[in-house]
Amino acid sequence: MCEIGVGWGAFDTILTPGTWNRDGYQALIGRTPSGDLYLYHSDGQGGWLNSGVGIKIGVGWNGFSRFMSVGDWNGDRLIDVIGVTSAGATYMYKTDGHGNWLNPNGQVIANGLTGLYVF
């Protein structure tokens with residue numbers, strides 16, 4: 001077993017969105033219980049580009065009871081993230097392929113999805 005970091009217990013959710021900044025290397029996103037999102041870039045060799053220190057890329061994500069990386073949801077060939085509130089409002093967040101959000105407030109794409117299950 002190879003340790004790749006410590007302190008991951010600080011997150012209540014961890015996503016693997018794919019290649020976040022189109023460099024071909026996987027990334028991880030962790031959400032804290034207070035709703036902050038941190039991005040970790042892989043170096044493609046079992047380590048981290050940012051020395052295992054996350055880059056804060058969002059706040060307020062604790063408003064989502066569930067959120068996930070769905071790959072390219074809208075067909076622009078870039079990573080998208082979907083968040084679902086406890087009331088079932090579903091938001092899509094688009095990225096620019098360089099680690100930034102194109103719509104930092106999200107776009108409502110559905111309502112009433114309270115029965116949506118993510119495993």
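## Briefing: an all-strand chain and its aromatic cluster

Trp61 is buried, with a relative accessible area of 5%, and this residue is a good place to start looking around. The model here is predicted, so please read every value below as computed from that model. Trp61 belongs to one aromatic cluster, together with Trp20, Phe64, Phe67, Tyr91, Tyr93 and Trp101. The chain around this cluster has 8 strands and 0 helices.

**Aromatic pairs**

- A pair of aromatic rings is described by two quantities, the distance of the centres and the angle of the planes.
- The count of aromatic pairs in this model comes to 14.
- Trp61 and Phe64 have ring centres 5.2 Å apart and planes at 55°, so this pair is tilted; the edge-to-face label needs an angle over 60 degrees.
- Like Trp61, Phe64 is buried, at a relative accessible area of 8%.
- Phe64 also pairs with Tyr93, and here the geometry is edge-to-face, with 6.0 Å from centre to centre and 85° between the planes.
- Phe64 sits in the loop between strand S4 (55–58) and strand S5 (66–71), while Tyr93 sits in strand S7 (residues 90–94), so their pairing ties together parts of the chain that are 29 residues apart in sequence.
- Tyr93 has a relative accessible area of 6%, so this residue counts as buried too.

**Overall fold and dimensions**

- Along the sequence, the pattern reads β-β-β-β-β-β-β-β.
- The radius of gyration is 14 Å, close to the 14 Å that the globule rule gives for 119 residues, so the chain is as compact as a globular protein of that length.
- Taken along the principal axes, the C-alpha atoms fill a box of roughly 40 × 30 × 25 Å.
- Of the 119 residues in the chain, 39% are buried.
- Among contacts with a separation of 6 or more, 28% are between residues 24 or more positions apart.

**Surface and charge**

- The accessible surface of the chain is about 6700 Å², and carbon and sulfur atoms account for 53% of that area.
- There are 9 negative and 6 positive side chains, and the centres of these two sets are 8 Å apart.

**Lys94, in strand S7**

- Lys94 lies in strand S7, the strand that also holds Tyr93.
- With 24% relative accessibility, Lys94 counts as partly exposed, because the buried class requires a value under 20%.
- Beyond its neighbours within four places in sequence, Lys94 is in contact with Asn74, Ile79, Asp80, Asn100, Trp101, Leu102, Asn103 and Gln107.
- One of those partners is Ile79, which is 15 residues from Lys94 along the chain, with 6.8 Å between the two C-alpha atoms.
- Another partner of Lys94 is Trp101, which is itself a member of the aromatic cluster.

**Thr85, in the loop before S7**

- Thr85 is found in the loop between strand S6 (80–84) and S7.
- Although Thr85 lies in a loop, this residue is buried, with a relative accessible area of 16%.
- Leaving aside neighbours within four places in sequence, the contacts of Thr85 are Gly63, Phe64, Ser65 and Tyr91.
- Two of these partners, Phe64 and Tyr91, are members of the aromatic cluster.

How values were computed. Residues are numbered from 1 along each chain as its sequence is written. This is a predicted model: local features need pLDDT of at least 70, side-chain atom pairs count only at pLDDT 80 or more; totals for chains, interfaces and linings use all residues. Side-chain values use heavy atoms; hydrogens and water are left out. Rings of Phe, Tyr and Trp (its six-membered ring) pair if their centres lie within 6.5 Å; planes under 30 degrees apart count as stacked, over 60 as edge-to-face and the rest as tilted. Buried means under 20% relative accessible area, exposed over 50%, partly exposed in between (1.4 Å probe, protein chains only). Helices (H or I, at least four residues) and strands (E, at least two) are DSSP runs, numbered from the N terminus. The radius of gyration is taken over C-alpha atoms; the globule rule is 2.2 Å times the number of residues to the power 0.38. Contact means heavy atoms within 4.5 Å. Accessible areas come from the Shrake-Rupley method with a 1.4 Å probe; for residues, only the protein chains shown count as cover. Lys and Arg count as positive and Asp and Glu as negative; His and the chain ends are not counted. The place of a charge is taken as NZ of Lys, CZ of Arg, CG of Asp or CD of Glu.
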